[in-house]
Amino acid sequence: MRGKFRIMKRNLIPPQTSLRGGDEAYYQLALEEKPANMWQPNRLEQERLDKLNEIESRGFEAYPARIHRTHSALEAIAAYEAAEQTAGGNEPAPVEVTVAGRIRRTNVKGKVSFMHIEDQSGRVQLFLRINDMDEATYKLVQEHLIDTDDFVQAAGTMMRTKAGEISVRVNDFKLLAKSLSPLPVVKQQKLDDGTIREFGEFTNVETRYRQRYADLAVNANVRDTFVQRAQIIRVVREVMDGEGLLEVETPILQPVYGGAAARPFVTHHNQLKQDLFLRVSFELYLKRLLVGGYRGVYEIGRDFRNEGVSFKHNPEFTMLEFYKAYIDYNGVMEITERMLEAVAIAIHGKPEAPFREHIINYAAPWPRLTMREAILKETGIDYMEYRDAAALEAKIREIGGSVAPGQPWGKLVEHLLGEYVEKKLIQPTFIIDYPRDISPFAKKVSYDDTHVERFEFYIAGMEMGNAFTELNDPRDQEARFLEMARTFRPDDDDAAPIDEDYLRAMRYGMPPNGGFGMGIDRLVMLITDQHTIRDVLLYPHLRSLKEDESEDASAEGV
RNA sequence: GGCCCCGUAGCGCAGCGGUAGCGCAGGUGCCUUUUAAGCACUUGGUCGCAGGUUCGAAUCCUGCCGGGGUCACCA
């Protein structure tokens, strides 16, 4: 660490020093005290460094500041196709383009060369001939000083090669950025049916996640997933706005956390000498805003839960929550159906999307099952016949289930749902009416004191979201908080602190409202048919690799 | 956290007790319409790390690090 700091100071550039490419003396000075644990070029990288020096010594810039571009790869191809259409079999009018992108394939055949460059739109082939362009520039290509992975700019006229591929006949060519570290090599073969077969795919998941930039650079389908993720969130936002809800942002650092049964991360404000929690939900802050007079609010943002990781769990994840005044959970169910249907249509053009071996149909309406019915159907247990926790616990053991002793009744009921029902709910399904003692923010159902107006919805065997007819009776809310504090064992990590300020807000009067929370990452998984949350997060959480640069490790004696 | 599997060249993989191999990429040469271009020659590895067993370990054992799966917990 200390060593690094020294280098940084040394690297401060005096104002008169030029930092232009090829300033060998400057670069050498910076390298002098480079610590051994920093990057050292491997064999392939050293070759490219040597090429870079050679390019510059020939008077070419390797990292120019000014570029020019008139067409994306696909626009260039489309422009030529249009010209061919117009010409109707005759020689099409010349189409001049300047394209820019990353070289993904080179084929140098002496005095003529081919390469594919790729930009965000796709790929286009360049056709380079020594007598079409400046000879010194062509030599860079011919002598392999230009590599796959380099960024280049090419100007020329569109044409078709003998093999029929629409290409740019290049008359001007320029290096835009030299790539020093070669990306994983993936070759593609276009099959007759138009599908693309890949060879030597870059599949190592750990490297893909740790070096997502390389993953994205090489795997177009990964790039597509995150484009779709952005589209999905945009549609969700449009639906929320269409409901007349106001998008807001509430604190991530919270002195009192709550709104969900989850363990928080703890952090500390130095100056204020105050411990703070990273939010586990937005719920309590959002509902306070209804007290303030908004008829509805929503937030899309990050939640943090200090729990295990799995294919559907990441320590930080994106959540949508909304609260709308003057509707109950039936209204929320309608919005839910509408929202997911809109998302599916936006991405797939119809309310259906494949996920694993299933075709999920998002079209409204979805079936609604009470929790009691659902559990009875799958386990044969009518949990209402076992009204106290001990009896229900015994019954679960009797059918071969295993539960930790001493759990609240509602948690046992929830266990039955999670264990026996959840994975069978493939098509979108609402499970409604939950036990009161695990639902401290939901209104009681009219027919029964032990249940509340709450639903969760399940798709592809995954819990996707959670919603209530929100409790707005401050007396009942206070009693629920106290009940939670009493029911949960003192060591139960899910027991949340009582939020007195939230109670105060509710005492001012909160309009009746329906509220909703959904994991956006899981929604993206469903819609894009990705089977782990890590594939819909650009930077999923991974353990750090060992840091040999830490002060302790530098003692060597350890 | 428990259990199971994995970690070999830049990437994809084989080898599983006799001292490390293949394809692609890379290098040299030839080639003015190729497209997984081709042909010839060729470079490249602390076999995750540290111990142990053995005459000998990539290979067997133990521990650690990292990843995946699964169970527990949760969203």
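Which side chain has an N or O atom 2.3 Å from a sugar or linking oxygen of RNA strand B? In this predicted model, the residue is Arg 522, whose side chain supplies the N or O atom of that pair.

**Contacts with RNA strand B**

Two further pairs involve phosphate oxygens of the RNA strand, one made through a side chain, that of Lys 51, and the other through the backbone of Ala 261. The table sets these pairs beside that of Arg 522.

| Residue | Protein atom | Atom of RNA strand B | Distance |
|---|---|---|---|
| Arg 522 | side-chain N or O | sugar or linking oxygen | 2.3 Å |
| Lys 51 | side-chain N or O | phosphate oxygen | 2.6 Å |
| Ala 261 | backbone N or O | phosphate oxygen | 3.0 Å |

Around RNA strand B there are 54 residues, and those that come nearest are Glu 47, Asn 107, Glu 206, Glu 307 and His 313. By class, the residues of this surface comprise 24 charged, 16 nonpolar and 14 polar. On the RNA side, sugar or phosphate accounts for 59% of the strand B atoms within 4 Å of the protein, while the remainder belong to bases. Elements that each supply at least two residues of the surface include helix H3 (43-57), strand S1 (96-109), helix H6 (205-210) and helix H13 (409-421).

**The second largest pocket and the cavity**

The second largest pocket holds about 1100 Å³ of space, and of the 39 residues that line it, Arg 104, Arg 105, His 116, Arg 123 and Gln 188 lie nearest its centre. Two or more lining residues come from each of H3, S1, S2, S3, S6 and helix H8 (220-242). Helix H3 and strands S1, S2, S3 and S6 are also named among the elements that supply the surface near RNA strand B. The pocket lining divides into 15 charged, 13 nonpolar and 11 polar residues.

The structure also holds 1 cavity of 30 Å³ or more, and the space in the largest cavity is about 40 Å³. Its lining includes Gln 254, Tyr 257, Phe 282, Glu 283 and Asp 499, and the largest share, 3 residues, is contributed by helix H9 (residues 283-291). In terms of class, the cavity lining has 5 nonpolar, 3 polar and 2 charged residues.

**Glu 393**

Is Glu 393, a residue of helix H12 (residues 389-398), buried or exposed? Glu 393 counts as buried because its relative accessibility is 12%, which falls under the 20% cut-off. Leaving aside residues up to four places away in sequence, Glu 393 touches Val 403, Ala 404, Pro 405, Gly 406, Gln 407 and Leu 412.

Conventions
Residues numbered from 1 in each chain as written. Chains lettered and ligands numbered in written order. Predicted model: local features only at pLDDT ≥ 70, side-chain atom pairs only at ≥ 80, totals over all residues. Heavy atoms only, no water. Buried < 20%, exposed > 50% of the residue type's maximum accessible area, 1.4 Å probe, protein only. Contact = heavy atoms within 4.5 Å. Near = heavy atom within 4 Å. Polar contact = N/O pair within 3.5 Å; in protein donor to acceptor, adjacent residues only side chain to side chain. Helix = DSSP H or I, 4+ residues; strand = E, 2+ residues; numbered from the N terminus. Nonpolar A, V, L, I, M, F, W, Y, C, P; charged D, E, K, R; others polar. 1 Å grid on protein atoms, 1.4 Å probe; cavity = no way out; pocket = protein on both sides within 12 Å on 5 of 7 lines; lining within 4 Å. Points joined across faces, edges and corners; volume = space filled by probe spheres on them.
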